[in-house]
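Dear colleague,

I am passing on the structure below, and afterwards I set out what I found in it. Please have it open as you read.

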Amino acid sequence: HRTGEAPEGGARRQGEWWGWDRGSRWWVFTVSGPALPVPAIAGSDVFLDCKCSTDLPREGVEVRWFRTRFESPVHLYKEQLESQDEAYRHRTRLFVEEFINGNVSLRLEGVRVSDNGEYTCLVSNKCDSEFELYT
């Protein structure tokens, strides 16, 4: 999650994203995450919150959580865990059953000092629509 000061009142960060579907229609949706950095103690588990204003199907969706390098994901889901950086192996989990509610939050287990930093959640589907949240 991004470090820095929260908006007044500690509100959630939210962005509006535009997509283009195969039917040549524009649509808009929002994604949101916490406004404040997420505190964690070494060895504990932490949830990196990311929610979409639209429901997501379980099939045909790609969810990529990454830090500084897109090609080295913390967690990459394409109908199952596809790949991830070795430093995160066996320490991450998505709640696939919650996709239907627009929830693509990540659980990071056994937090390490080296986990500190900014995480990005990128979601795309078979319709070639894509949105991301820097969280």
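In which loop does Glu 79 lie? In this model, which is a predicted one, Glu 79 is placed in the loop between β6 and β7, the latter strand covering residues 81-83. Its backbone deserves a look, since Glu 79 has a phi near 65 degrees, a positive value in a residue other than glycine. Most residues other than glycine have a negative phi. With a relative accessibility of 43%, Glu 79 counts as partly exposed, because that class covers values between 20% and 50%.

A second residue with a positive phi is His 90, which is not a glycine either and has a phi of about 65 degrees. His 90 belongs to the loop between β7 and β8, where β8 comprises residues 92-94, and its relative accessibility of 71% means that His 90 counts as exposed.

The other histidine to look at is His 75, which is found in strand β6, residues 75-78, and which counts as buried because its relative accessibility is 5%. The side chain of His 75 makes a polar contact with the side chain of Thr 92, at 2.7 Å. Leaving aside residues up to four places away in sequence, His 75 also touches a number of others, among them Val 63, Arg 64 and Trp 65, as well as Leu 81, Ser 83 and Gln 84, and further along the chain Arg 93, Leu 94 and Leu 106.

With best regards

Methods: Residues numbered from 1 in each chain as written. Predicted model: local features only at pLDDT ≥ 70, side-chain atom pairs only at ≥ 80, totals over all residues. Heavy atoms only, no water. Helix = DSSP H or I, 4+ residues; strand = E, 2+ residues; numbered from the N terminus. Buried < 20%, exposed > 50% of the residue type's maximum accessible area, 1.4 Å probe, protein only. Polar contact = N/O pair within 3.5 Å; in protein donor to acceptor, adjacent residues only side chain to side chain. Contact = heavy atoms within 4.5 Å.
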